[in-house]
Amino acid sequence: MSPRERIICALDVPNADVALRHVERLREHVGVFKVGLELLMAEGPSVVPRLQAAGAKKIFLDVKLHDIPNTVVGAVRKLACLGVWAITLHTFGGSKMLEAAYQAALEAAQESQREPPLLLGVTVLTSLSPAVLKQELRIGEPMEELVVHLARLAFQSGCGGVVASPQELVALRAAFPDPSHLFITPGVRPALRMADDQARTLTPAEAVRRGASYLVIGRPILTAQNPVEAAQRIAEEIQGALEES
């Protein structure tokens with residue numbers, strides 16, 4: 001992949017008009033556009049073909065499905081028919097949920113004559129710190145061990161990749177060295193940007209050096225004075241890290 005293809009631009013915006021403007025401006029400078037709950041709840045699934053028509057070749061639906069298997073199966077079947085690149089599910093839903101989602105994605109894609117979407121297992125949200133994990137959620141396992149365990153569960157259940165903090169990448173790549181195992185990392189911030197509400201962050205170069213496949217970046221691009229230049233600078237940072245490795 002080229003450096004720009006590794007950038008997933010998070011369209012965490014309030015409506016389709018804003019999202020479409022960003023796609024038209026950035027479609028040649030990033031590889032994937034992420035549609036999260038805010039935009040999907042505002043516009044519904046019909047926003048996906050509109051974004052595709054505007055030039056979003058790869059769309060990542062970050063819906064973080066987490067429910068009983070039957071309910072998730074129904075949701076995946078509907079979403080897979082949209083021709084999206086990837087869909088997220090919470091690994092805390094367990095293997096039965098993940099496996100059922102995988103089969104549903106394959107069947108729906110075959111019925112609609114599309115490529116099946118990549119299923120991505122969300123491990124631990126980047127907004128959660130080890131202290132919150134232990135004190136509020138009563139999960140005492142160390143963060144790295146928990147993330148590696150959840151990633152293994154995801155891969156064994158049919159997921160093609162996992163979503164994890166860049167700070168767990170070294171442990172993940174040690175456990176899963178095959179490059180076909182994809183690691184999608186949110187919580188990536190250029191060096192001059194604040195961490196916002198992300199608790200576990202790294203710069204794009206640091207994330208790539210640690211083994212990230214794709215970087216999810218929203219506000220540092222969308223709120224920049226010149227979003228195109230911001231995306232280009234991030235691509236250059238990624239390129240530099242790739243050349244070092």
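This text walks through a predicted model, beginning with its paired strands and ending with two loop residues.

A convenient place to enter the structure is strand β3, which spans residues 59–65 and is mostly covered, six of its seven residues being buried. Strand β3 pairs in the parallel sense with β2 over three bridges, and it also pairs in the parallel sense with strand β4, residues 86–90, again over three bridges. Phe 60 can serve as a marker for this part of the sheet, for Lys 34 stands opposite Phe 60 in β3, while in β4 the bridge partner of Phe 60 is Ala 86. Between β3 and β4 the chain crosses through helix α4, residues 69–80, and this β-α-β crossover is right-handed.

Helix α1 comes earlier in the chain, and its buried residues are Ala 16, Val 18, Ala 19, Leu 20, His 22, Val 23 and Leu 26. Some of the spacing in that list can be read against the geometry of helices in general. An α-helix has 3.6 residues a turn, so residues three or four places apart point the same way. The elements that cover the buried residues of α1 include the strands β1 and β2 together with the helices α2 (37–43), α3 (47–53), α10 (219–222) and α11. At the start of α1, a side-chain oxygen of Asn 15 reaches to within 3.1 Å of the backbone nitrogen of Asp 17.

The charged side chains add a further set of links, and the count of salt bridges comes to seven. One of them joins Asp 12 to Lys 34, with the closest N and O atoms 3.3 Å apart. Because Asp 12 lies in the loop between β1 (7–10) and α1 (16–26) whereas Lys 34 belongs to strand β2 (residues 32–35), this pair ties together parts that are 22 residues apart in sequence. The two partners differ in their surroundings, since Asp 12 counts as partly exposed at 44% relative accessibility, whereas Lys 34, at 7%, counts as buried.

Another salt bridge is formed where the side chains of Lys 64 and Asp 62 meet, at 2.8 Å from N to O. Here it is the acidic partner that is buried, Asp 62 having a relative accessible area of 10%, while Lys 64 counts as partly exposed at 28% relative accessibility. These two residues do not stand apart from the pair described before, for Asp 12, Lys 34, Asp 62 and Lys 64 are linked in a network of salt bridges.

Elsewhere in the chain, Glu 244 forms a salt bridge with Arg 209, the closest N and O atoms being 2.8 Å apart. This pair links distant parts of the chain, with Glu 244 in helix α11 (residues 227–244) and Arg 209 in helix α9 (residues 204–209), 35 residues apart. Glu 244 is exposed, with a relative accessible area of 55%, and Arg 209 counts as partly exposed at 46%.

Two loop residues deserve a look at their backbone angles. Most residues other than glycine have a negative phi. Gln 113, in the loop between α5 (95–112) and β5 (118–122), has instead a positive phi near 55°, and its relative accessible area of 75% makes it exposed. Arg 138, in the loop between α6 (130–135) and α7 (143–156), likewise has a positive phi, near 60°, and at 72% relative accessibility Arg 138 also counts as exposed.

Definitions and conventions: Residues are numbered from 1 along each chain as its sequence is written. This is a predicted model: local features need pLDDT of at least 70, side-chain atom pairs count only at pLDDT 80 or more; totals for chains, interfaces and linings use all residues. Side-chain values use heavy atoms; hydrogens and water are left out. Helices (H or I, at least four residues) and strands (E, at least two) are DSSP runs, numbered from the N terminus. Buried means under 20% relative accessible area, exposed over 50%, partly exposed in between (1.4 Å probe, protein chains only). A salt bridge is a side-chain nitrogen of Lys or Arg within 4 Å of a carboxyl oxygen of Asp or Glu. Contact means heavy atoms within 4.5 Å. A polar contact is a pair of N or O atoms within 3.5 Å; within protein, one must be able to donate a hydrogen and the other to accept it, and residues adjacent in sequence count only if both atoms are side-chain atoms. Two strands pair if DSSP finds at least two bridges between them. A crossover is right-handed if, with the strands pointing away from the viewer, the path from the first strand over the helix to the second runs clockwise.
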